[in-house]
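Thanks for sharing this one. Here are my notes, in numbered points, to read alongside the model.

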Amino acid sequence: MTFIDKYHKFLEKYKIVIIVIWCVILGISVWLGPKFLGATSSSFEPPNGSPSQLAEEVLEAEFPEFANETSLVILIRMKDENISVINTEVEAFCQNVTDITNEYSDQTIIISVLNYYILNDLGFITAAGSFVADSGKSMLFVIDLKDEEDNNTVNDFIYYLRDNIASMVNEDSEFDAFLTGFRVMYIDMNEVTKEDLALMDMIVIPIAMLVLAFVLRSLKLMILPILSMGISILASFLIMYPIALTTNIFSFVPSIMMSLVIALSIDYSLFLLTRYREEILKHNDNSEATKQMSQHAGHTIMLSGLTLAITFLGLIFFPLELLSTIGLGAAICIATTLIVNLTLTPALLLTFGKFFSKLKWYRKSKGIKEGEFEDYKKLDLANQARSIWYKISKFSTKYALVVILVIVVITIPISIQVFKFQRSIDFNQILPRGVDSREAYIAMQEDFAPGQVMPFYIIIQTNETNGLNTPSFFYTAKDLIHDLANETAVYNESFISIVRIDENELPFFSSMQDLLDPLNTGEFAVIYRTIYNKYTNEENSTTLMEVQTPFDPWGDDAESWIKQTRVILERYEEQTGYKLYLAGGSTVMVDAIDKVYELFPLMISITLIVVYILIGIMFKSVFIPLRLIFTIGITLSFIYGLGVLVFETSFLNNVFSPLMDVHAFYWLVPIMAFSILIGLGLDYDIFLLSRISEYRDKGYTDKASIHKGLYKTGNIISFAGIIMAIAFSGLLLSKEMVLNQFGFMLCIAVLVDTFIVRTILVPAIMSVAEKWNWWPSKKPEPTKDENHVEE
């Protein structure tokens, strides 16, 4: 007995058990699966051994209050720019926010509450002024919180604060108040992810299902993809839920998983059920039709799914949780979808065969009557002659060299744009459009120093007790600030340190000692001692400089500044013997990106080698995997080049206004898209090749195998591509630009691959190669042409 015979007997024997097991899994998944959405995170660890990891470790050891602190910022902005923000209405609002903060049930998470009025009442006039914009139209209210890992109390406080602000500020108020901060932004990202998933449920899934119904033309068979999709989504989320409790899973991973499951589940159902329908129409009984479905379509989706899962698993080896968890989530949802379709679908068909095998709607729409095979043969040949895909394959094989040349020449102008590729770390690309936290963040960059919310930290270790209280350290620190201000994009005023406060630089070391004298009760001395105690460790051996950059610390300017600053810090280490570190801001992100893009060429090489080996073994051919890599390369270069035109130029700015704020790909998109685009190219290629190979094994000529293979699969591949494009179009509806970019690349790639590469280019190349397609394996002598129909 062959493997398929054994597998089919297993399914027939245990079909009821399989159905019951999946029902139990579904019940548990409905209970626990949705909890995965609330267990995602917005943080990730720096790469091992990177400068940011060393800096974060020192920051945690020497200044734990900075490492475990998060700031909530309320931006108060006057609606009428001619009215000063310093007024009685704003003062009353600030007092109310202070009161509700002090009344919160868990005071252990609240470190400090600061605003213009509090500092002004304490006599810190200069410090109070820094909370008001130079224009006088806006003001900051800052609440610092303890941000311990998995501290849901912070989230609860944010909801509490938001609700109270909403009740205090309305349309009649003279000002607007927006709450922002890193944790607030994360909550907004999480909420938008849930909205995106709901949008997919309401719009994308129904449309995809309507297209699938049009192809299958059987309401009874439609039950199967609906079941497999629902179970696959919930079971995937169920598996990811405990992982999310122990690992940082980024907030948009569920959206990516959802899109993949919708696309692949419908795709796999389409491949399986159209083959099942074809076998039923050949007058095979239900059991034999299910067996043939598993043997051919089942074999195809298994190989395609495994290859796709393996390409995603390659992301796990990146030294960044954000990418590795995306790879893990994608691989899990692919594997789950594959298992559901290879077990539950055939088990249901075997159990309820009489119900599913009627196909009355399809027979009626195609004019197929239940009769002898000869009737089916005549109808099949007539349909073949009329088929657009049969005609395309005839054209592609007849003018093969011309077709190949034209496609390559057309794609080159777009493909070469990939050499202009630029990456971006712009935080606004992952923040949802239209939410208050994003609008406030953008407004803050206009009215205040953007680095005020998420500053950088320079840590200086003198390696000796009281090493900070020496003239040599004092003048070294002043020189460092001057050099950074002269050589990079920051100013002297950007620093808060023990040698400089706002615009006031301590001129001499003796001035520092005078201010530290507890008998000195002047305003400046009191402020200085507060800063000294905050920015030094207990041994007075290590200090921290806060850098409030004039540019967005999570914007593209930050990356070059970080690298320039590290060069200067290394220079000072050599000159002084001190240890200097740069932490905070986007330092972790920059190191992660550098490491990821350093490993990206290796990932591409390994992926292509794995694909070559798997496809080579699958089809026992040397040429087929080479041809496949070539055609996938055309798709990839075209899509990446087109992406550069869309997201790095003003090509479509008038069509989609949010593109006006985008000048490069978000750094994560090309990495994520690579694995999926490879998988999608493999998916349809394997489906087409499997059918061509099947005909060639039955003794058809090379060209007849290509013609009949495309005739039998062209319609299915086309609708599968349309359905998959519809599934991924849900990402285009997201409020997050990173998902818009991702969705654009996937939708266009699917359509290009479906209607150009697989249906036109592949047949042309295979017709040129002829017998070399299968070398070194041997195929039977050709005895049949395209006018022969298999029973």
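Among contacts in the chain between residues at least 6 apart in sequence, what percentage join residues at least 24 apart?

1. **The chain overall.** The answer is 82%. Please keep in mind that this is a predicted model. The chain carries 27 helices and 12 strands, and 59% of its 791 residues count as buried. Its C-alpha trace spans about 110 × 50 × 50 Å along the principal axes.

2. **Surface and charge.** About 32100 Å² of the chain is exposed, and carbon and sulfur atoms supply 59% of that area. If you plan to look at electrostatics, here is a number you may like: the mean position of the 58 positive charges lies 23 Å from that of the 89 negative charges.

3. **A four-stranded sheet.** Next, one of the sheets. Four strands form an open sheet in the order β7-β10-β6-β11, and their pairing is antiparallel. The edges are taken by β7 (495-496) and β11, each of which has a single partner strand, so each has one side without a neighbour in the sheet.

4. **The β6-β11 pair.** How many bridges join β6 to β11? There are six, between antiparallel strands, with β6 covering residues 456-461. Within this pair, isoleucine 458 stands opposite leucine 582 of β11. Although β11 is an edge strand of the sheet, five of the six residues in β11 (579-584) are buried, leaving the strand mostly covered. As general background for viewing the pair, side chains in a regular strand alternate between the two faces of the sheet.

5. **Threonine 565.** This residue sits in helix α22, which runs from 556 to 576. Is threonine 565 buried or exposed? Threonine 565 is buried, because its relative accessible area is 0%, below the 20% cut-off for that class. Leaving aside residues up to four places away in sequence, threonine 565 touches Leu484, Thr488 and Leu582. Leu582 is the residue of β11 that isoleucine 458 faces, so to speak, across the strand pair. The side chain of threonine 565 also reaches the backbone oxygen of tryptophan 561 at 2.8 Å. As a separate distance to check in your viewer, threonine 565 and valine 132 are 29 Å apart from C-alpha to C-alpha, with a sequence separation of 433 residues.

6. **Aspartate 591.** What does the side chain of aspartate 591 make a polar contact with? The partner is the side chain of serine 52, at 2.7 Å. Aspartate 591 belongs to helix α23 (residues 587-619) and is buried, with a relative accessible area of 7%. Beyond residues up to four places away in sequence, aspartate 591 touches Pro47, Ser50, Pro51, Ser52 and Arg566. Ser52 is thus listed both as a contact and as the polar partner.

7. **Asparagine 740.** Last on my list is a residue of helix α27, which covers 737-769. Asparagine 740 counts as buried, because its relative accessibility is 3%. Its side chain reaches the backbone oxygen of leucine 731 at 3.0 Å.

Definitions and conventions:
Residues are numbered from 1 along each chain as its sequence is written. This is a predicted model: local features need pLDDT of at least 70, side-chain atom pairs count only at pLDDT 80 or more; totals for chains, interfaces and linings use all residues. Side-chain values use heavy atoms; hydrogens and water are left out. Helices (H or I, at least four residues) and strands (E, at least two) are DSSP runs, numbered from the N terminus. Buried means under 20% relative accessible area, exposed over 50%, partly exposed in between (1.4 Å probe, protein chains only). Contact means heavy atoms within 4.5 Å. A polar contact is a pair of N or O atoms within 3.5 Å; within protein, one must be able to donate a hydrogen and the other to accept it, and residues adjacent in sequence count only if both atoms are side-chain atoms. Two strands pair if DSSP finds at least two bridges between them. Accessible areas come from the Shrake-Rupley method with a 1.4 Å probe; for residues, only the protein chains shown count as cover. Lys and Arg count as positive and Asp and Glu as negative; His and the chain ends are not counted. The place of a charge is taken as NZ of Lys, CZ of Arg, CG of Asp or CD of Glu.
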